[in-house]
Structures are given as C-alpha cells and as structure tokens.
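Thanks for sharing this one with me. Here are my notes, set out as numbered points for you to follow with the structure open.

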Amino acid sequence: MRVLGIETSCDETGVALYDTEAGLLSHLLHSQVEMHARYGGVVPELASRDHIERLVPLIETVVARAGLGLPDIDAIAYTQGPGLAGALLVGASVANALAYALGKPVIGVHHLEGHLLSPLLATPAPAFPFVALLVSGGHTQFYDVRGVGDYRLLGDTLDDAAGEAFDKTAKLLGLAYPGGPALAKLAEQGRDGVVTLPRPMLDAPSLDMSFSGLKTAVRVLTQRLANEDRLDDAARADIAREFESAVVDVLAAKSLAALAASGHSTLVVAGGVGANLRLRERLVRVVEARGGRVYFPAIAFCTDNGAMIALAGALRLAHARQAGAAFDVRPRWELASG
Ligand code: KG4
Ligand code: ZN
C-alpha cells in the first residue's frame, strides 16, 4: 500500500510517499524558516498562505520522483493536529479533496504520533514495546509505547518544553530564530564548567521535567554579565555549552528512570531536539551501559516532515482506524487521549 503523507502543522510543508512493502519512496520538505526569521518567530497567517502555495507542487514532485502518478496512491494521511489551525486546515483540505477525487481513503494523524513512530522509518527499526522520549519544540514527554495507538504518558514537562527552552535561551544569547540548532553550534565552542546552571528536577523521583527555571537562570546570568560588560562571544559560548549540558543531564537521567519504571530496555527518541548530537551521544552511552538500546530517526526525520505522517497513517490504516467523509482539524489534541 502506498500512502501519501502531508504535514502542515507549523512552519514546514512536508510531503512523502511511503510504501508499506518498499519503505519510503520519496519525500520533500519546504521550510518557511527564512520567511519567519525577520519576525523572530512563526507568523501563523503567513504560514498558512505559504502552505497553500507550496503544497500542491510538492505533492506533484514527490509522486513524480517516485516514478508514479496520482492514481497510484492508495491512501492519504495528513496531520490533523495539534498545531496552528490555519496551517492544519491547508493540509486537511488538500488531503481530503485529493482523496475524494481519487476515491481513496484518507486519515488524519496526530502530529506527535508521527514523531513517536518516526524511528520506525530507520533500519533496523525498534520493536514494541519501548519507551519514547518525545522532545520537540512544544513537548517533552515520556510514553510507554506497547503498539500502534497504545501510548501511556509516563512523564511530561511542567512548563517549557526542552525545544522551547533551547529557542528562548538562544534568543537571550542573541542568536537568530530558530534558536535550537544555532545554540547547539555555539555550544561546540564553549568550555565545560566555566559557568554553572541548574538541572531542574534532576533528583526528583517523578518523570516530570521543568525547563523554564533553567531559561530564567540564563536570563539572570546574561543580564549580570552584560551589566559588568563581560558578555562577550566566549562567555556566550560557555553559557550555551552549560545550558546544553544541563538539558542533556536532565533528559538522560529521566530517560534511565523511565526505562526502569516501564521495565522496557528500548528507548526511542523523536522530535526536533532529538537532532542534538550531544543528546544522542549521551543517551546511547548511558542506555547501552545498562544493557538497553536507543533508536533515533535519521536527523532529517527528527524535525517535522511528511514521511513520519505517511508512516503513522499507514500503520493506523493497517489497524483499521479510518476517518469518515467529514473532516476537521484539532489544533489542541492530547496524544494519550486515544
Ligand atoms: O519537532 P520539531 O521540528 O517541531 C515541533 O513539532 O515542535 O522541533 C523543533 C524544535 C525547536 O525547538 C528547535 O530549536 C529544536 O527542535 N531543535 C534542536 C536542534 N534541532 C532542532 N534543539 C537542539 N539541538 C538541535 N540540534
Ligand atoms: Zn513536530
């Protein structure tokens, strides 16, 4: 079965064609980062308009690159939520119109389920059950994943998500939007142990996390150094380094605790922050030291993309959960709600 995947929840138009037997046939992504950069963040109305312009040509190219035509598509999956309502509606409308025209099934996918199942795109793919660490711009969560559609929330962030903390801290350090990757790059030049930042909730028994205090600590520190005229490039790099270390320390410790609590030995990491190289290295080291295994999606499939939506749609369709003829979007939507 060939499933077309459409992702338009935020600032990236992602399209992919996934074959349940042959795997990923082709995929394309258009990022709106440059368009939003001058505003310092995503402007929802601009995002929707850009998705409208990009989506249909991207679908045509993805299908053509697979050497196929639209009638060769067996089903269409799109991100139904959560995300920006206008942006979601573009993907939902195009997916449903195309499905209607082709007479093929269409399915709305939870964006986080797409992230959560994205490591299954890789070879070798992890087997169920596993613990999933979902670290995106809006979420930092642990799930006990026993199968497709069977997700139990084990831990959550109480305030900012790790990605959000990366982005806000990057802004404090004068880095351009989107800050996460830029902060990680700056951290490469930073020195360990020059400044000290807190590791929020590191020793707390719960699997919940909190990152807003860490960001506040960076604000206080940068203001103090700026007042003393000491916030130079080297100081910024040292702060970036320590910030990244603090996030990695917390996520690594909580990952081990989540594995212990669930009794599983496999950790799957998904979402944009999963592209962070120091996080990847640390998780592999600490989980393998305990006899477990860690799976990541390829870097390109850590951040938003159409392939994860096509895959999640294919797996959902295989489990016979289909949408009816009417469609809607769900800008706010908890994954564990079923
Ligand atoms: O999953 P994603 O693409 O979008 C959401 O669904 O939220 O995640 C985006 C987040 C942003 O906060 C971005 O700064 C962060 O992932 N991110 C990174 C890196 N690459 C992306 N954070 C740290 N290090 C990276 N290399
Ligand atoms: Zn995402």
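1. Let me begin with the make-up of the ligand shell. Sorted by class, the residues around ligand 1 comprise six nonpolar, eleven polar and two charged ones. Please keep in mind throughout that this is a predicted model.

2. The shell around ligand 1 has 19 residues, and those that come nearest are G137, D167, G180, G272 and N276. Two domains take part: domain 1 (2-117 + 301-337) and domain 2 (128-296) each supply at least three residues to this shell.

3. Some polar contacts are worth a look. D167 places a polar side-chain atom 2.6 Å from an oxygen atom of ligand 1. Backbone atoms join in as well: a polar one of G272 is 3.0 Å from an oxygen atom of the ligand, and a polar one of V273 is 3.5 Å from an oxygen atom of ligand 1.

4. How much of ligand 1 does the protein bury? On its own the ligand exposes 560 Å², and the protein buries 85% of that. Helix 4 (111-117), helix 5 (162-172) and helix 6 (179-187) are the elements that each give two or more residues to the surrounding shell.

5. Now to the metal. The zinc ion (ligand 2) has H111 (NE2), H115 (NE2) and D304 (OD) as its protein donors, at 2.0 to 2.1 Å. Along the chain these donors follow the spacing H-x3-H-x188-D. The pair H111 and D304 links distant parts of the chain, 193 residues apart: H111 sits in helix 4, while D304 belongs to the loop between strand 10 (293-295) and helix 10 (306-318).

6. The geometry of the zinc site deserves a comment too. The angles among the four donor atoms run from 95 to 135°, and the site is classed as irregular.

7. Two peptide bonds should be checked by eye. One cis bond joins F128 and P129, with omega about -5°; P129 is in the loop between helix 4 and strand 6 (130-135). Another cis bond joins Y177 and P178, again with omega about -5°, and P178 lies in the loop between helix 5 and helix 6.

8. Finally, a backbone angle. M201 is a residue other than glycine with a positive phi, near 60°. Where is M201 found? It lies in the loop between helix 6 and helix 7 (212-227). As background to these last two points, most peptide bonds are trans, and most residues other than glycine have a negative phi.

Technical notes
Residues are numbered from 1 along each chain as its sequence is written. Chains are lettered from A and ligands numbered from 1 in the order in which they are written. This is a predicted model: local features need pLDDT of at least 70, side-chain atom pairs count only at pLDDT 80 or more; totals for chains, interfaces and linings use all residues. Side-chain values use heavy atoms; hydrogens and water are left out. A residue is near a molecule or strand if one of its heavy atoms lies within 4 Å of it. A polar contact is a pair of N or O atoms within 3.5 Å; within protein, one must be able to donate a hydrogen and the other to accept it, and residues adjacent in sequence count only if both atoms are side-chain atoms. Accessible areas come from the Shrake-Rupley method with a 1.4 Å probe; for residues, only the protein chains shown count as cover. Helices (H or I, at least four residues) and strands (E, at least two) are DSSP runs, numbered from the N terminus. Ala, Val, Leu, Ile, Met, Phe, Trp, Tyr, Cys and Pro count as nonpolar, Asp, Glu, Lys and Arg as charged, and the others, Gly among them, as polar. Domain bounds come from an automatic or database domain assignment. Donors are N, O and S atoms within 2.8 Å of the metal (3.2 Å for Na, K and Ca); water is not among the atoms, so sites may look incomplete. Four donors count as tetrahedral if all angles lie between 85 and 135 degrees; four count as square planar and six as octahedral if opposite donors are over 155 degrees apart and all others between 65 and 115; anything else is irregular.
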